[in-house]
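Me: I would like a close look at the metal site in this model, please. Could you then walk me through the parts around it in one connected account?

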Amino acid sequence: MTRRLLLPLALLALPLTACGDDGTSGDGGVSVVTSIYPVQFVVERVAGEHATVTNLTSPGQEAHDLELGIEQTAELTDADLVVHGSGFQPAVDEAAEQNAEGTVVDAMELLETQGIALPDGAPTEVAPDDPHFWLDPNAMALLARAVQDELSRLDPDHATDYGTNADALVDDLAALDEETSAALADCERRTVVVSHDAFGYLGRRYDLELAPIAGLSPDAEPSPAHLAELQELIEEEGITTVFSETLASPKMAETLADDLGLATAVLDPVEGLTEDTEDEDYLSLMRRNVEALQEANGCR
Ligand SMILES: [Zn+2]
């Protein structure tokens, strides 16, 4: 019954919203292509209803390995705005440089040129070439402001909305940052053993020492010498937990934990959503991570 009543109303609304002689599909006027989930999250929050957002990495897909199909390259080429973080997905970097006809926002370039305030005593650099910027909520806030600026320039009629949306997102990110600092302030241990080297930005922000099994990419396998070093570190520091992650195989973490009689838990690098996390978002996944870290590291 309700459905029958609603349908004519929806049809009536169509001519009002489908006003595009700007050549974009959907009712959001600005077309945006994003590389990975955390970037998509920022753009969708800031754009609200005013943009059509296409994310290149599908849920459940290992994000580092992304290759672009012809259709995806065409979408990127035609988009008004492309938002990504360079050094993470070579195929996207290449297409953004060679094909994109619209504006390109690169989160890594923002970090390099504008930077973010760091806590006292934090190293100014993370591991060279670490592309996992989104694990610091402050870097996400920097990206949110850049996306706000570009959307407002492309679509000045909705600049007020973009400003309001970005303010709300920046507030949410600041709240997450404060909660995380407080939750991880007082811990028995500050070393965290993780699957791949994704958490450098998190460690720098919240004073954690990351000990990754694999390299910056999940498929960079560890050497026996590296595993022996890890084992020594684990024993010295009294580490209780080896973290695996959501999109890469838990095999390495499980093997190491089994060998040493440790627990395993999940620390999500938030490189993408999966079937298990499809109802979560960036903020809730980061909060889950904080809980897992508190538990593993004896934080009060
Ligand atoms: Zn990664």
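Reply: Happy to help; the zinc site comes first, followed by the other parts of the fold. One thing to keep in mind is that this is a predicted model, and every value below is computed from it.

Which protein atoms hold the zinc ion? The donors are His64 through NE2, His132 through NE2, His196 through NE2 and Glu271 through OE, at 1.8 to 2.1 Å from the zinc ion. Angles among the four donor atoms run from 99 to 117°, and the site of the zinc ion is tetrahedral. For comparison, the ideal angle for four tetrahedral donors is 109.5 degrees. Along the chain, the donors of the zinc ion follow the spacing H-x67-H-x63-H-x74-E. Two of these donors sit in loops: His64 is between strand 2 (51–55) and helix 3 (70–78), while His196 is between strand 5 (191–194) and helix 8, so this pair ties together parts that are 132 residues apart in sequence.

Are those two histidines buried or exposed? His64 has 10% relative accessibility and counts as buried. His196 is buried too, with a relative accessible area of 1%. The cut-off behind both calls is under 20% relative accessible area.

From strand 2, which borders the loop of His64, we can move to helix 2, residues 37–47. Nine of its eleven residues are buried, so helix 2 is largely enclosed by the rest of the structure. The buried residues are Tyr37, Pro38, Val39, Gln40, Phe41, Val42, Val43, Val46 and Ala47. They pack against strand 1 (30–34), strand 2, strand 3 (81–84), helix 6, helix 7 and helix 11 (282–297). Just after helix 2, Gly48 takes a positive phi of about 60°.

Helix 6 and helix 7, two of the partners of helix 2, also pack against each other. Helix 6 covers residues 137–154 and helix 7 residues 159–183; their axes are 9 Å apart, at an angle of about 180°. That makes helix 6 roughly antiparallel to helix 7. On the helix 6 side, the contact includes Met140, Ala144, Arg145 and Leu151, and these residues are among those that meet a helix 7 set including Tyr162, Ala166, Asp167 and Leu173. By residue type, the contact of helix 6 with helix 7 divides into twelve nonpolar, four polar and three charged.

Two loops deserve a look at their backbone angles. Most residues other than glycine have a negative phi. Asp129, however, has a positive phi near 70°. Asp129 is in the loop between helix 5 (107–113) and helix 6, and counts as exposed at 68% relative accessibility. Asp207 also has a positive phi, near 55°. Asp207 lies in the loop between helix 8 (200–206) and strand 6 (209–212), and is exposed with a relative accessible area of 54%.

A final stop is Val242 in strand 7, residues 241–244. Val242 counts as buried, at 0% relative accessibility. Leaving aside neighbours within four places in sequence, Val242 is in contact with Val193, Ile213, Ala253, Leu256, Ala257, Leu262, Ala263, Thr264 and Ala265. As a distance check, Val242 and Glu188 are 54 residues apart in sequence and 16 Å apart in space, C-alpha to C-alpha.

Methods. Residues numbered from 1 in each chain as written. Predicted model: local features only at pLDDT ≥ 70, side-chain atom pairs only at ≥ 80, totals over all residues. Heavy atoms only, no water. Axes fitted to C-alpha atoms, helices over the stretch in contact; angles between N-to-C directions. Helix = DSSP H or I, 4+ residues; strand = E, 2+ residues; numbered from the N terminus. Parallel < 35°, antiparallel > 145°, perpendicular 65-115°, else oblique. Contact = heavy atoms within 4.5 Å. Nonpolar A, V, L, I, M, F, W, Y, C, P; charged D, E, K, R; others polar. Buried < 20%, exposed > 50% of the residue type's maximum accessible area, 1.4 Å probe, protein only. Donors = N, O, S within 2.8 Å, 3.2 Å for Na, K, Ca; no water. Tetrahedral: all angles 85-135°; square planar, octahedral: opposite > 155°, others 65-115°.
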